[in-house]
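Subject: Structure handover

Hi,

Here is the structure I promised to pass on. Please open it alongside this note.

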Amino acid sequence: MSYSPLPSPSQAALAHSQCLVAQIMQAIKKSGGALPFTEFMTQALYTPGLGYYSAGLRKFGTKGDFVTAPEISPLFSHCIAKQCQPFLAAFDQSVILEFGAGSGVMATEILKALERLNCLPYQYLILEVSAELRQRQQTTLQTQIPKLFNRIHWLDRLPSQPLSGVILANEVLDAMPIYRFRLDEKVVTEFYVSYQDSQFVWQYLPTTNQSLQIAVESLRHQLPVGYISEINLALPAWLQSVADSLLAGLILLIDYGFPQREYYHPQRHQGTLMCHYQHYAHDDPLILIGLQDITAHVNFTAVAEAAIAAGLSVAGYTNQANFLLACGLIELLSALDSNNTPAYLQQAQATKTLILPSEMGELFKVIALTRHWDKPLLGFSRDERIKL
Ligand SMILES: C[S@@+](CC[C@H](N)C(=O)[O-])C[C@H]1O[C@@H](n2cnc3c(N)ncnc32)[C@H](O)[C@@H]1O
């Protein structure tokens, strides 16, 4: 792949990146010359003050590196609010907990919609690992919905008491550090990152990580030798801790990805790792350190299996188009003032982006995990369910 079309960072951005590079080089030295890619990704994204998500760069929206669904249209969040409504109405002091709230726009729009539906949660909690984003969320929410601001609280860790209500995460799983591997004839090879001639380079070593070895060997029957891909080994523990925080209600996870048979499809032999820099997508995570997003698609079968192991029920799985249409996206669009032509046309265009198969409609999936809930879920009521 050629990277020539990538825009050049400013001098200030390059200086920022160099500070992070120096820190990662130290970590590489300390660990004897190479870091497992998962640790490299953790540092590139989350080093306090320097990592992509932890520093002050603009990430979301047209001026950032990528656009997420809640940034495209408030109607996306209004659909989520409608899915939350029965859960909030069912419990006393119901709570919404959002992971990784980005710019804060989804929280803003969900709360506005729930206020109109007369179904506000007792509290809206946000768990955000980035101090910089937390600050930005506070500014957005205080400016946009000052009257509701006292219901919103930021957490450093999961709540000590399990809650009843809804736990949400939009495009959070894809931002979790993954292991990168190659399935070789006799061994599982792990991707490490080392530093040579003033740049980060790949090193390929037989893995010494038993969990990775076992997980990848279990896929050997379906993969050709030489197959490269990713795996999120932290997912089961993460989902267990999230499940432990839910006394009763819904966990709604939205992200791009596939069920396992498609995720590890022989044709996807270079994996799903992607980087985003100023709306350019490419596959080299070893450049633009701290300046670009690094992501991997989500294996939704692994999410479902981890959820079941954590004592949750898989109450629904579908693609974003089906979910939004079932939640009444078209009705919400029709209710907008069509005399205000530019604003209406903008929302009509945004609706297309959210649901067209060639845009976000099919690649993005929604999975609903529940505890102590046996009623059908609005967002999964269309017949077009897809298989896990
Ligand atoms: C791609 S952004 C998505 C932001 C937002 N949800 C949206 O849709 O616009 C990923 C977000 O997840 C956060 N994040 C990543 N890992 C997390 C974790 N383990 N717990 C909470 N937030 C996390 C990041 O800091 C960032 O805010």
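Below are notes on the ligand site, then on a group of strands.

One caveat at the start: this is a predicted model. The distances and areas below are computed from it.

**Ligand site**

Where does the ligand sit? It occupies the largest pocket. Around the ligand there are 18 residues. Y46, T68, G100, E128 and N170 come nearest. By residue class, the shell splits into 11 nonpolar, five polar and two charged.

Three polar contacts are worth loading into your viewer:

- N170: a polar side-chain atom is 2.7 Å from an oxygen atom of the ligand.
- G100: a polar backbone atom lies 2.7 Å from a nitrogen atom of the ligand.
- Y46: a polar side-chain atom lies 3.5 Å from a nitrogen atom of the ligand.

How much of the ligand's accessible area does the protein cover? On its own, the ligand has 600 Å². The protein covers 94% of that.

So much for the pocket; the strands come next.

**Strands β11, β12 and β13**

Start from β11, residues 274-277. β11 pairs with β13, residues 293-295. The sense is antiparallel, over three bridges. β11 is also joined to β12, residues 280-282. Here too the strands run antiparallel, and three bridges join them.

Which residue is the bridge partner of H276 in each neighbour? In β12, the partner is A281. In β13, the partner is D293. H276 therefore makes a handy place to centre your view of these strands.

β11 and β12 form a hairpin, with two residues between the strands. One backbone angle to look at there: Q278 takes a positive phi near 45°.

That is what I have on the ligand and the strands. Send questions my way.

Best wishes

How values were computed: Residues numbered from 1 in each chain as written. Predicted model: local features only at pLDDT ≥ 70, side-chain atom pairs only at ≥ 80, totals over all residues. Heavy atoms only, no water. Near = heavy atom within 4 Å. Polar contact = N/O pair within 3.5 Å; in protein donor to acceptor, adjacent residues only side chain to side chain. Areas by Shrake-Rupley, 256 points an atom, 1.4 Å probe, with all protein chains shown as cover. 1 Å grid on protein atoms, 1.4 Å probe; cavity = no way out; pocket = protein on both sides within 12 Å on 5 of 7 lines; lining within 4 Å. Sits in = over half its atoms within 2 Å of the grid points. Nonpolar A, V, L, I, M, F, W, Y, C, P; charged D, E, K, R; others polar. Pairing = 2+ DSSP bridges. Helix = DSSP H or I, 4+ residues; strand = E, 2+ residues; numbered from the N terminus.
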